[in-house]
Amino acid sequence: MADSSSSNSGTGGSSSSAGAHGGGNGDREQQSQRSPNQLRQGSISASHSISISTPQFHNERHGSAPPSAHQPAGPQYPPTHRGVLYCSTRGARRDVTFEEVVMSGLAPDKGLYVPQEIPYISLEQLEKLRDASFVELANYIMRLFIGPEDIPPENLRVLIESSTKYFRVHEVAPVRKVGPTWVLELFHGPTFAFKDVALQFLGNMFEYFLAKKKGGPDAKLTVLGATSGDTGSAAIHGLRGKKNIQVFVLYPKGRVSEVQERQMTTVLDRNVHCIAVEGATFDDCQDIVKAAFQDEGFRDNANLGAVNSINWARVLAQITYFFHAYFRVLAKNEKAMQKEQQQQQQQQQAQAHAAQQAQRDGGGGEGEGRDGGGVSAVADAKAPPRGSNSGSSSTIAGGEGGGGGGNSEMMSQLSPNGIAEGGGGGGSGGGGGGEREGKKKKRSKSLPKLSFSVPTGNFGDALAGYYAKAMGLPIDKILVATNENDILHRFFTSGKYWKKEVQATLSPSMDISICSNFERLLFDLAGRDPELLREWMEEFERTKKLTLPPPTLAKAREDFISCRVDQPAMIEVMLSFLRDYNYLLCPHSAVGVTAAKQLAMLNADTICLATAHHAKFLDATLKHFPLDEVDVEEIEEEVPTQLRDLDHLPTRYVTLPASAYYVKKYVLQTLEGKDNAALLRWLALGGWVWGWGSGKQGKRRRQVSMVAAAAVAVAVVGTVVSVLEGSRRWRR
C-alpha cells in the first residue's frame, strides 16, 4: 500500500488548549499555588495546559475509594506503581508492570492482564477535561494507567503525538451528526479502520520499550497476531520498518475482503510476514496464536509479543475516543439546545411585542387594557428587555460557545481553578444571560448520560466503553451490536455464552464465534475472583458452553444491552442513510446503526461507532444495492487514492495450513534466516493430498483422504493376497 502519510493534515493534537485544567480530587487551591518545581514534577511540563490532580481509585467498579495507603501521596501524578499494577484474570500473576503487560501480551496462565484498580475521574475533573484535544485526553487518561517508571510523562506525550501524525484529520476521531444520530468516525487513520488508533500507539510503545533494553538478549520482539481483516493491516502499518521487530499476521484465506487482504500483502518491508491460513476461520487463526503463546519454549525462543486486543494497551488506547466523543457530542448537543432556546425566547418576545402593539392599536390605554380581559394578561407577562438573553440558557453547561466566543477565547480566560469566568465571550456558555460579568459561570451539577452503539465481534471496543464508564464517564448503555454471529447477543439476552459455527457475512471483521476480550468482563462479573473465573473458562474451553446464573446476567445488563442485526435489515439502513443523508456506512458500522434503530435509540443521545471506511468493502456491498437507487460510478469515484492504488501494487504472502505446529515451524525458520521453500512445497503437497490443519476444509480433506487411503489400502492388500494366492497355485 502506498504510504498514506502524505495525506496527513495535522498532528492530531495541540498544546494550546487550556480547557482541561487539573485538580479534580485534591485541594484545588493548593494545586493552583504549586511552585514551578512541583508543577514540572506533577504535569507534562510547566507550560502544558492540563494540570494534574490525584485520581481516586476503586477496587470494585462501583465501590468507594480504597484507603489512602493505595493512593499516591500529595499532588504527584500519575500514580506510582503502588496504584498502577496489573494482574492476570486467572490469578497466576499479580503486581505486573505496564511494560511487562505490553511486551508479553498474554499471561502465562492463559489469562488476560487487567488493572488491579480502576482510576475514577470525578465530575469536577470531567468538567475540566471537556474542552481538551484528543491528544490531551489521551495523555491524561493513559497517565492514569502508565507509571512514570515505565514511560516518563514527557516521553508518553511524544509517543501519543507520534501515534496520531498519520491520521488524515487533525481531530483524529471526529463526530458527525448524520440524520437523527451521531456518528463517531474512527476510519481516518492509515488503514481506514478504528484499529489504527490503538495499533499506531502500540507499535510506538514496542519500539520504545525495546530501545530501553539497549541491545540486550531480549531487545528483539516477534509479534504474532491473528486478524479477521482490520487488525492485521493496522498492525502491519504500525510496525512496518520498526527496528528489531518482526511481525507475523495470520488471516483466514478467502474470509477477508480483497481490500483488507491487499492492505496487508502489499506491504513488502522485510520485517512483515503475511500468512494466509488455508481452510480456516478467524477463530482457527486465533487458536493458533493462543497455542503459540502457551508454548513456553516457543514463546521464550521467539520472544513473542501480541497485537491482538488481548494486549491491554489496545484497550487502553480505545478508551480515549469514548471520552473524546462524549465531550464533543455533549458540547454540540448543548449548543443546539441553546440555539433552540434562543429561538423560543425570540418567538416569545415577538409574540409579547405583537400583543403590546395590538393593545396600543386598540386605543384602550393602560386602564382599559387592564379591564380588557385576555389582552392585558399577555401584556402583563412582561418580556425581557430587548437585546438580553433570558432564563434557562444561563443554566446550560455550554461547552462550545454560547453567545459568541469560541473555544480559544474560553481557554485564555480560565481561572486558576480551571473554571471559565462569566461574561460575553466564554466558550463555556457565555451569552450574557443570568450570570453577570465578573461572576464565575456555574456548570450543571451533573452531566447528561449518552449511549454508545458498538458493532463488535471480539468485544474489544465495547470493553473499552465499559472501562470508560467505570472511570466515571456518564454513559447510559453500551449497545453491543452483532451480525448473524451473535454469541454476545445470546449471552446478554439469555446468559448463554455458547459457541456456534461461524457464518460468512458482509461484515467479515465481526464473523467471530469466540470473543477474546470477553474474559475481562467475565472477570468483573465473577467479582474479580480468579478461581471462579478460571472454573468458568475451563468449562467453556472443554464444552464450548458457559451459562451464567440470572443474578450475574443482571449485573452485566446494568451496563450493556444487545441486538442482533441480520443482513437484509443492515443493507436497508445502508441504503436509507445513502439516500436520505448522502452518507455511506461500511457494513460493520451499519450493523451498529441498525441495532440502534431497532431499539429506538437512533437519536441525539446515542453515538454510533463507524469502525471502517465504506470503500474497504465496496466489492461485496455494491452487489446488494439496487442499481436504480444507487449511482455506483459516483461511489467508486470517491474511493480514496490509497485504496484505489492497491490494485496496482505487488503482493507477498505465504499459505500455511491451520496447524499451530507448522505456523511455529515457519516462524522459527524465518527468524533463523533459513529458506522456507522446501517447507512450503511439502505443505502445499501435503495439504492438497491430506488436508493439513484443523480448519473446516482441512477436516473435510482428511475425511476424503482417509476414505481414499482406505480404499487404496484395501486394493493393495487385495492385490497382494491375490498375488500370493496365485503364486501358491503356480508352485503346486
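This passage walks through the overall make-up, a helix, the salt bridges and a charged surface patch of one predicted chain.

The model is predicted, so local features are reported only at pLDDT of at least 70 and side-chain atom pairs only at pLDDT 80 or more, while totals for chains, interfaces and linings use all residues. Residues are numbered from 1 along each chain as its sequence is written, and side-chain values use heavy atoms, with hydrogens and water left out.

The secondary structure comprises 28 helices and 17 strands; these are DSSP runs numbered from the N terminus, with helices (H or I) of at least four residues and strands (E) of at least two. Of the 732 residues in the chain, 56% are buried, where buried stands for under 20% relative accessible area, exposed for over 50% and partly exposed for values in between (1.4 Å probe, protein chains only). The chain exposes about 30,700 Å², and carbon and sulfur atoms supply 51% of that area; accessible areas come from the Shrake-Rupley method with a 1.4 Å probe, and for residues only the protein chains shown count as cover. Among contacts (heavy atoms within 4.5 Å) between residues at least 6 apart in sequence, 75% join residues at least 24 apart. As one example of separation along the chain, Q642 and Q263 lie 379 residues apart, yet 9.5 Å separates their C-alpha atoms. Q642 belongs to helix 25 (residues 641-644) and is buried, at 12% relative accessibility.

Helix 16 makes a good place to pause. Spanning residues 460-470, helix 16 is mostly covered, with 11 of its 11 residues buried. Charged residues appear in that buried set too, including D461 and K469. After helix 16 comes G472, which has a positive phi near 115 degrees.

Salt bridges come next. The whole structure holds 26 of them, each defined by a side-chain nitrogen of Lys or Arg within 4 Å of a carboxyl oxygen of Asp or Glu. R130 pairs with E127, with the closest N and O atoms 3.2 Å apart. Both partners are buried: R130 has 3% relative accessibility and E127 has 9%. A second pair joins D300 to R299, at 3.9 Å between the closest N and O atoms. Here D300 is exposed, at 51% relative accessible area, whereas R299 is buried at 18%. In a third pair, R564 meets D566 at 2.7 Å, N to O. R564 is partly exposed at 31%, and D566 is likewise partly exposed at 33%. Beyond these pairs, salt bridges link R90, K110, E519 and E541 in a network.

The surface also carries a patch of negative charge, made up of E258, D619, D631, E633, E634, E636, E637, E638 and D647. Patches are built from residues with over 30% relative accessible area and no salt bridge, joining like charges within 9 Å and nonpolar side chains (Val, Leu, Ile, Met, Phe, Trp, Tyr) within 5 Å. Asp and Glu count as negative and Lys and Arg as positive, with His and the chain ends not counted; the place of a charge is taken as NZ of Lys, CZ of Arg, CG of Asp or CD of Glu. Helix 24 (residues 632-637) gives the largest share of the negative patch, four residues. E633 lies in helix 24 and is exposed, with a relative accessible area of 59%.
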